[in-house]
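Biologist: I am new to this structure and would like a close look at a single part. Please pick one loop and the helix after it, and walk me through them.

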Amino acid sequence: MVNESAGSICYFDVKMGDDDLERIIMRLYDDVAPRTCRNFRALCTGEEKTKELNLHYLNSIFHRVIIDFMIQGGDITRMDGTGGYSIYGAQFEDECFDKLHDKPFLLSMANRGPNTNSSQFFITTAPAPHLDGKHVVFGEVVRGQSAVREIEMIRCEGDKPITDCWIAGCGVLDDLPTLTGDEVYSDYPKDCTLDISKAAKVLEASKMMKECGNELYKAQDLVKAKHKYLKAIRYLEHDGYEPGESCKKLLTTCQLNLAQCYNSLTQFKEAVVYCNKVLDKEPSAKCYFRRGKAYEGLSEFDSAVADYKRAIELSPDDKSLSNTLLRAEQLSKRQRERDRKAYSKMFK
């Protein structure tokens, strides 16, 4: 269970490239490692920075990521894992080893050996008992575990992320935000502490996530809507229960909604992927239409025409489909004409 008892509350607003991730909120173990916590807290606020030393996590990156182990950041001087600086000087001593690395989402100090703490830290993504007695655990992530998981799963060269994951904002909070709606469920089923071992429980949770996604979509908060649909799909597809027909039907609905969301975000390749997942199970006029829109967005007009024709076969009374097909056929014709002209110039 997450420890939400007294302790300083710090946060990171992280970007993965240009995409905003969920805010990571951390509760510090001030009573266990007060000196270590003070260093981390001050680096979050930037209150100790000087003209000579930028003692601030702002704009620093997560430079090292290892799946099923940890994500590491906090190199405020070199950004590559070879630097770092604390509010006490270049390095400071290990404070205590009372807390163990016995679960994911623990906040611990990175070092280069005994008593070499600086600004670098890591967040565990799995238990790491081999680090016990060597690294100081001084807090844990209490909100935004999904952002930690997204960073964990980023593509890397070696253990360095290909896309920068950087801290675009950081600081302290007076209070821990109250969980509302589907937020009581962790973003990833494997991190969930509530009972999701029965189909009824999964159905209840996933419906809540889907409805939240629908409301966000109506409000045109498309990125958050996308994350809600993805969350519902993760719960419906997790291995820890036996899905019934209601869960399977809801999964299809969420996949269709997600495809529509991706189309609205102009992420057309992703829309095609989720349409294919639905069509692998059953033919659907709505799904053919949404995949057709995605193909249009990708300028694959012949494929769009084929999908609109399939949609009309399944829903012949829908007049709007005929107009959509006509427009796609015109776009396909123009594309062929452009291609023909381009090829003819090659052989003059």
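Modeller: What follows is a short look at the whole chain, then a longer look at one loop and its surroundings.

The model is predicted. The chain has nine helices and eleven strands. Its C-alpha trace spans about 75 × 60 × 35 Å along the principal axes. Of the 348 residues, 48% are buried. The chain exposes about 17,700 Å², and carbon and sulfur atoms supply 49% of that area. Take the contacts between residues at least 6 apart in sequence: 64% of them join residues at least 24 apart.

Now the part itself. Strand E11 covers 165-173 and helix H3 covers 199-218, and Leu194 is found in the loop between them. Asp191 lies in the loop between E11 and H3 as well.

Start with Asp191. Is Asp191 buried or exposed? Asp191 counts as buried because its relative accessibility is 13%, and the cut-off for buried is under 20%. Which residues does Asp191 touch, leaving out those up to four places away in sequence? They are Phe105, Arg149 and Ser186. With Arg149 there is a polar contact, side chain to side chain, at 2.7 Å.

Follow Arg149 one step further. The side chain of Arg149 also meets that of Glu152 in a salt bridge, 3.0 Å from N to O. Both residues belong to helix H2, residues 145-152. They sit three residues apart, about one turn of the helix. An α-helix has 3.6 residues a turn, so residues three or four places apart point the same way. Arg149 and Glu152 are both buried. Arg149 thus has two partners to look at: Asp191 through a polar contact, and Glu152 through a salt bridge.

Next, Asp182. The side chains of Lys231 and Asp182 form a salt bridge, at 2.8 Å from N to O. Asp182 is in the loop between E11 and H3, whereas Lys231 is in helix H4, so this pair ties together parts that are 49 residues apart in sequence. Both Lys231 and Asp182 are buried. The pair does not stand alone: salt bridges with shared partners join Asp182, Asp187, Lys228 and Lys231 into one network.

The structure holds 19 salt bridges. Another one, away from our loop, links Glu93 and Arg35 at 3.0 Å, N to O. Glu93 lies in the loop between strand E5 (70-73) and E6, and Arg35 in helix H1 (residues 34-45), so that bridge ties together parts 58 residues apart in sequence. Glu93 is partly exposed, with a relative accessible area of 35%. Arg35 is partly exposed too, at 32%.

Back to Leu194. Leu194 counts as partly exposed because its relative accessibility is 37%. Leu194 forms a nonpolar surface patch with Leu179 and Val184. Together the three have about 210 Å² of accessible area.

Then comes helix H3. H3 has 20 residues. From first C-alpha to last, H3 reaches 28 Å, close to the 28 Å expected at 1.5 Å a residue. Which residues of H3 are buried? They are Val202, Leu203, Ala205, Ser206, Met209, Lys210, Gly213, Asn214, Leu216 and Tyr217. Part of their cover comes from helix H4 (222-237) and helix H5 (245-264). H4 therefore appears twice in this account: it covers buried residues of H3, and it holds Lys231, the partner of Asp182.

What follows H3? Gln220 does, with a positive phi near 65°. Its place is the loop between H3 and H4. Most residues other than glycine have a negative phi, and most peptide bonds are trans. Gln220 is a residue other than glycine, yet its phi is positive. Gln220 counts as exposed because its relative accessibility is 51%.

Asn115 offers a second example. Asn115 is not a glycine either, and its phi is positive, about 60°. It lies in the loop between strand E6 (106-109) and strand E7 (121-124). At 41% relative accessibility, Asn115 counts as partly exposed.

To recap the loop between E11 and H3: Asp191 is buried and contacts Arg149. Asp182 is buried and bridges to Lys231. Leu194 is partly exposed and belongs to a nonpolar patch.

How values were computed
Residues numbered from 1 in each chain as written. Predicted model: local features only at pLDDT ≥ 70, side-chain atom pairs only at ≥ 80, totals over all residues. Heavy atoms only, no water. Patch = residues over 30% accessible without salt bridge, like charges linked within 9 Å, V, L, I, M, F, W, Y side chains within 5 Å. Areas by Shrake-Rupley, 256 points an atom, 1.4 Å probe, with all protein chains shown as cover. Salt bridge = Lys/Arg side-chain N within 4 Å of Asp/Glu carboxyl O. Helix = DSSP H or I, 4+ residues; strand = E, 2+ residues; numbered from the N terminus. Buried < 20%, exposed > 50% of the residue type's maximum accessible area, 1.4 Å probe, protein only. Expected span 1.5 Å × (residues − 1). Contact = heavy atoms within 4.5 Å. Polar contact = N/O pair within 3.5 Å; in protein donor to acceptor, adjacent residues only side chain to side chain.
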